[in-house]
Amino acid sequence: MTVLELSTVSKRFGQELAVDNVSFQVEQGRIVSLLGPSGCGKTTTLRLVAGFEVPDGGDIRIRGESVQKQRPYERNIGLVFQDYALFPHMTVEANIAFGMRERGVPASEFPARIRAALDLVKMPGYEKRSPNQLSGGQQQRVALARALVTKPSLLLLDEPLSNLDAKLRESLRGELRQILTSAGITTIIVTHDQSEAMSLADHIIVMSKGRIMQRGSAEEIYSAPASRFVADFIGQSNWFSGRLDDGRFLTQDGLSVIVGGTPPGDAVELGIRPERIVVRTKEAIADVSVNSFHGVIDKTEYLGSTIHHWVRLGNGRRIHAVVQNDGQCFARDGDSVRVEIRPEDCLVLAPEA
């Protein structure tokens, strides 16, 4: 069942077209992320769905009903703000009850529903605490419980983990995904963090300049980006300009790279993910099935679980390679090495307009 449907929705602020003919659907129980840089239109899209902004064109439907003329509180939507927006003078219990009271839920149902919501977010027994007695992660869970307790048709999360420190944000991602999955609630998450989108969402919609650039699973978008913008936003790549010639990509700086698949057009760009590049000592046995280039380690960064190399190839080009640290003896600055790249790991894209 389709819970949310946007059809050619647009929104303009003065001369700026913040949302440009955006269309997508969200099915029951799916977790969808709107991902993109600041100013790409993702937050404006969320506000249009919530009813805080009115579209200039198009239609928004929730469970098949147009909500264009409905106010935010009439849309049966749960919303978790970036700063959580808990009432500081209210206890956790009162904060969670607020939405139910505003929607006319009988007071006799409050205790059981509050307990169930706190159990869901793994905070039983916190009913009488005030927000200033909670950590940032606990405040985020209470805000989530307050949104879920009203049993909304759709849950909207606006940069839900951005106010937390990096380590806590990483640990809470898994918990948040588990909570949303357990609740079975249809969710839209707005974020600029690719790791957050990839770990939380079933489906990712990448936006830029008010438009949808690509949509799909994290694996689809990462492995087969539709453009250089998407490839760079959802990860890192080494980029080469050049042309195709009978299954080979001839770079402008003199490299010949065998590529896989059926690349588009004649004028193209070649992208290679750093983690798809193998770095070997020159003495290692060569793999004849891959592209192989000699080079010298220009710079190395040891980051614990990964080792980052910048390799200077024979033509002077510097490329970035990421190696998993499995306890091996890794190459160091000044070492002569060979880099290997599989043809199927080459991203060949038409240049962006």
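**Stop 1: Lys11 and its surroundings**

Select Lys11 in this predicted model and show what surrounds it. Leaving aside residues up to four places away in sequence, Lys11 touches Glu16, Leu17, Ala18, Val19, Thr44, Leu48, Glu53, Val54, Pro55 and Asp56. Lys11 itself sits in strand 1, which covers residues 2-13.

Does Lys11 count as buried or exposed? Lys11 is buried, and yet it has no salt bridge. Asp56 is the nearest side chain of opposite charge, at 4.0 Å. Now add the backbone of Val54 to the view: its oxygen lies 2.8 Å from a polar atom of the Lys11 side chain.

**Stop 2: the sheet around strand 1**

Switch to a cartoon view and look at the sheet. Its 4 strands form an open sheet in the order 2-1-4-5, with antiparallel pairing. Which strands stand at the edges? They are strand 2 (16-27) and strand 5 (65-66); each has a single partner strand, so one side of each has no neighbour in the sheet.

Next, select strand 4, residues 57-62, together with strand 1. The two run antiparallel and are joined by 5 bridges. To find one such pairing, pick Leu4, whose bridge partner in strand 4 is Ile62.

Then select helix 1, residues 42-50. Helix 1 lies across strand 1, strand 2 and strand 4, and it runs at about 120 degrees to strand 1.

**Stop 3: Arg63, after strand 4**

Move to Arg63, in the loop between strand 4 and strand 5. Arg63 is not a glycine, but its phi is positive, about 50 degrees. As background, most residues other than glycine have a negative phi. Arg63 is partly exposed, with a relative accessible area of 35%.

**Stop 4: helix 2**

Select helix 2, residues 92-102. Which of its residues are buried? They are Val92, Asn95, Ile96, Ala97, Gly99 and Met100. Add helix 3 (110-120) and helix 4 to see what these buried residues pack against. A general point helps in reading such a list: an α-helix has 3.6 residues a turn, so residues three or four places apart point the same way.

Follow the chain out of helix 2 to Gly104, whose phi is positive, near 80 degrees.

**Stop 5: Lys151**

Go on to Lys151, in the loop between helix 4 (136-148) and strand 7 (154-158). Lys151 also has a positive phi without being a glycine, here about 55 degrees. With a relative accessibility of 59%, Lys151 counts as exposed.

**Stop 6: salt bridges**

How many salt bridges does the structure hold? There are 18 salt bridges in the structure. Three pairs are visited here.

Begin with Asp202 and Arg177, whose side chains meet in a salt bridge at 2.8 Å, N to O. This pair links distant parts of the chain, 25 residues apart: Asp202 is in the loop between helix 6 (194-200) and strand 9 (203-208), and Arg177 is in helix 5 (residues 166-183). Asp202 is partly exposed at 24% relative accessibility, and Arg177 is partly exposed at 25%.

Now select Asp298 and Arg312, which form a salt bridge with their closest N and O atoms 2.9 Å apart. Asp298 belongs to strand 16 (residues 291-302) and Arg312 to strand 17 (residues 306-313), so the salt bridge ties together parts that are 14 residues apart in sequence. Asp298 is partly exposed, with a relative accessible area of 35%; Arg312, at 36%, is partly exposed too.

Finish with Asp345 and Arg276, where the salt bridge is 3.0 Å, N to O. What does this pair tie together? Asp345 lies in the loop between strand 19 (336-341) and strand 20 (346-349), and Arg276 in the loop between strand 14 (267-272) and strand 15 (278-281), so the pair ties together parts 69 residues apart in sequence. Asp345 is buried, with a relative accessible area of 7%, whereas Arg276 is partly exposed at 31%.

Keep that pair selected and add Arg342 and Glu344. Salt bridges with shared partners join Arg276, Arg342, Glu344 and Asp345 into one network.

Conventions: Residues are numbered from 1 along each chain as its sequence is written. This is a predicted model: local features need pLDDT of at least 70, side-chain atom pairs count only at pLDDT 80 or more; totals for chains, interfaces and linings use all residues. Side-chain values use heavy atoms; hydrogens and water are left out. Buried means under 20% relative accessible area, exposed over 50%, partly exposed in between (1.4 Å probe, protein chains only). Lys and Arg count as positive and Asp and Glu as negative; His and the chain ends are not counted. A polar contact is a pair of N or O atoms within 3.5 Å; within protein, one must be able to donate a hydrogen and the other to accept it, and residues adjacent in sequence count only if both atoms are side-chain atoms. Contact means heavy atoms within 4.5 Å. Two strands pair if DSSP finds at least two bridges between them. Axes are lines fitted to C-alpha atoms, for helices over the stretch in contact, and angles run from 0 to 180 degrees between N-to-C directions.
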